[in-house]
Amino acid sequence: MTMSSKEPVRNEYLDQVREQQQRLEVDLKARKVMAPAQMQQNALPMRRAAGPAVVERTGNAVDVRVTGFWRWKTVIVPPNAYVVHTRRGHPQPLHIGLGVSFRFDPARDSFIVAPGAMQTIIINAHCICRELQGLLVQGYVQWIIEDFGTAYRKLDFTDVEDPMRVVNVQLREQAEAAIKDKVATMSIDAVLSDKQPIIEELTARLRHVAEGGGGGDKGLGLRIVTVQIKEAVVSSARLWESLQTPFRSERERVARLASLGTEEALSHRELEVKQARERTRLESDGELAMLRAHKDAQAYDTAQAERLRRQQREEEDARKLALERQQSALQSADLEKARLAVEAELTRLKQEAEAVKLKREVLAQTEVADVQRAAGNRQAKTELELLETRQRILNELTPANVQARLVELLPDIAQKLPKPQELRSVSIGGSGGAQDGQGVTTLVAQMMALVNILKADGTPRAPAQSVAVSKGGAEGAVEVTPAPR
C-alpha cells in the first residue's frame, strides 16, 4: 500500500534524450524560402533590353550578388565560396568550383552556394559510462569541404539562411553517437583521466564517414581537420563529491600529519622563544631601571637649569619691558608734541584758507558791484543819448509838424481835461481863406492861441466849468457858460 502511494521517479536523462530528439527533427529540416530576387523576377513584367542593370542579393548566408536584368543576369560569387551552376537540359553542371562567377538565366538556370571556410561543430554529449553513471562530454570538431562535386550531391546545402546548418547537425549527431559508444565501454575514472581513446575513436568514425573508406568511395567529399575533447563532467553532484572524497581524505590526512608536526615544532619553538623572551625581559628591566634613574637625574638637572634659565629670562624680559615702556612714553610725548604742532599748523592753514576764501568773496562782490555800476552807467549813458537824440529831433521839427502833432494829441488832451461844470465857447476863424491850406493853418494858430489863453488864465476853475470851442464865431471870442445842474 505504501509503495503504490509513492510517486514514480522521474527519469531526467530520458527527458533530455526526448528533447534532443525533437530539436534534431526540427534542425534536420532545411528552411527553404524563395529568394526575394526570384520573387521579384516572377512578378515583374518583361523589360526592354536597353534598360539599366539591377543589382540583387540572394537570401543565402553567402554574400552573392546578382546583377543585370530579366534573363540577362550575372551571378558574382565571393572567392571563398563554392558554387554549382546547372541548366535545364544539361545533365552535368555548367560551372562548379570555388569563387566561380557565371551568366545566369532565371528561366532555365539554378545554382547552389556554400561557404568554403572551415566549419566548427560544438558537441555536448550526455553519455553513460560502464558503471552506469551519467557523464557530459564536451568537445568540438572542425571540418572543411574537400571535394564539392561529391559534397553537393550527397549533402543538403539548400538552407537559405545557413547552408551548412543541416550538414553540421548531421555531423554533430554522428559525433555524439560515436562518443556515447566509446564512453559506454570505459570506466568513469578512465573517462575523467584519459580522453585520448575517445578522440581517436571519434576521429576514426568521422573520417570514415566524411572522407570515405578508401578505393573509389570518396565519402561525403569532406575532410576532418581536427577533433578535440574539452571536458568531461559527472552529471551527479553527489557522485562527483564521492569521487573526490578519497583524494580529499588522503590529502586531508597528509595535511593533518603535517599540521601536527608543525604544531609540535611550533610548541617547542614557542617554549624556547618564551624562555628567551623572559630572560630578555629581565635584562631589559634592569637596564630600564638604570636608564630610568639616569633619565630622572638628567630630568632633575634639566628642570633646575630650565627654572634658572626661566628666572633669568623673566628678569631680562622685565628689564626690556621697562625700557620699552619708557621708550614708549617718550615716543608718546614726541607724538603728542608732533600732533599739537600738526594741529596748530592745520589751524593756521585753515585760517589762511578762510582768509583767502573771504578775500575771494569780497573781490568777487566788488567785481560784481563794479560790473553792475558799469552796466548802470552804460544804461544811463544810453538813456541820456536817447533823450538827447529825441530832444535834437524835437528841436529840428518844423511848425507844420508841431501843428500836426498837436492835432493828433487833441483827443487825448480833451480826454484828460476835468469834467466841466460851465461852458465857455470860443469861436475860431471866419469865412476862411481863399485856399484850404491857409484855413488849416489858421485853425492851428487859433488852437495855439486857445492853449495860450488857458495857460495864461491862472485862476483855478471849478470842476463844473467847461470851455466850448466852435468854429465860425468871432475870432478870439471865448464864452464861459455854466453847466446845467
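E316 is partly exposed in this predicted model, with a relative accessible area of 33%. Its salt-bridge partner is K320, and the N-to-O distance between the two side chains is 3.4 Å. K320 is also partly exposed, at a relative accessible area of 43%. Both residues belong to helix 8, which covers residues 237-395, and because they are 4 residues apart there, about one helical turn separates them.

Stay on helix 8 for another pair. R348 and E345 join their side chains in a salt bridge, this time at 2.1 Å from N to O. The spacing along the helix is 3 residues, so here too the two partners are separated by about one helical turn. R348 counts as partly exposed at 35% relative accessibility, and E345 counts as partly exposed at 35% as well.

What about a bridge that links distant parts of the chain? Look at D181 and R205: D181 sits in helix 5, R205 sits in helix 7, and their positions lie 24 residues apart in numbering terms, that is, they are 24 residues apart. Their closest N and O atoms are 2.8 Å apart, and the pair forms a salt bridge. D181 is partly exposed, with a relative accessible area of 39%, and R205 is partly exposed with 33%. As general background, side chains of opposite charge can pair when their charged atoms come close.

Zooming out, a search of the whole structure turns up 18 salt bridges. Some residues are tied into a network of such bridges, namely R71, D105 and R108.

Now back to helices 5 and 7, by way of the sheet they pack on. This sheet is open, has 3 strands in the order 8-9-10, and pairs in the antiparallel sense. At its edges are strand 8 (119-128) and strand 10 (222-234), each pairing on one side only. Neighbouring strands here are turned by 20° against each other on average, with direction ignored. Strand 9, residues 134-145, pairs with strand 10 over 11 bridges, in the antiparallel sense. If you want a spot to click on, V137 stands opposite A232 in strand 10.

Helix 5 (residues 165-184) packs on this sheet and touches strand 8, strand 9 and strand 10, its direction making about 35° with that of strand 8. Helix 7 (residues 196-211) packs on the sheet too, touching strand 8, strand 9 and strand 10, and its direction makes about 150° with that of strand 10. So much for the elements that carry D181 and R205, which sit in helix 5 and helix 7.

There is another sheet to visit. It is open, with 3 strands in the order 5-4-7 and antiparallel pairing. Why is one side of strand 5 and of strand 7 left without a neighbour in the sheet? Strand 5 (95-98) and strand 7 (109-115) stand at the edges, and each has a single partner strand, so one side of each has no neighbour in the sheet. From one strand to the next, the twist averages 5°. Strand 4, residues 81-87, runs antiparallel to strand 5, and 4 bridges join them. Within that pairing, V84 stands opposite I96 in strand 5. In general, strands of a sheet pair through backbone hydrogen bonds, either parallel or antiparallel.

Methods
Residues numbered from 1 in each chain as written. Predicted model: local features only at pLDDT ≥ 70, side-chain atom pairs only at ≥ 80, totals over all residues. Heavy atoms only, no water. Pairing = 2+ DSSP bridges. Helix = DSSP H or I, 4+ residues; strand = E, 2+ residues; numbered from the N terminus. Axes fitted to C-alpha atoms, helices over the stretch in contact; angles between N-to-C directions. Contact = heavy atoms within 4.5 Å. Salt bridge = Lys/Arg side-chain N within 4 Å of Asp/Glu carboxyl O. Buried < 20%, exposed > 50% of the residue type's maximum accessible area, 1.4 Å probe, protein only.
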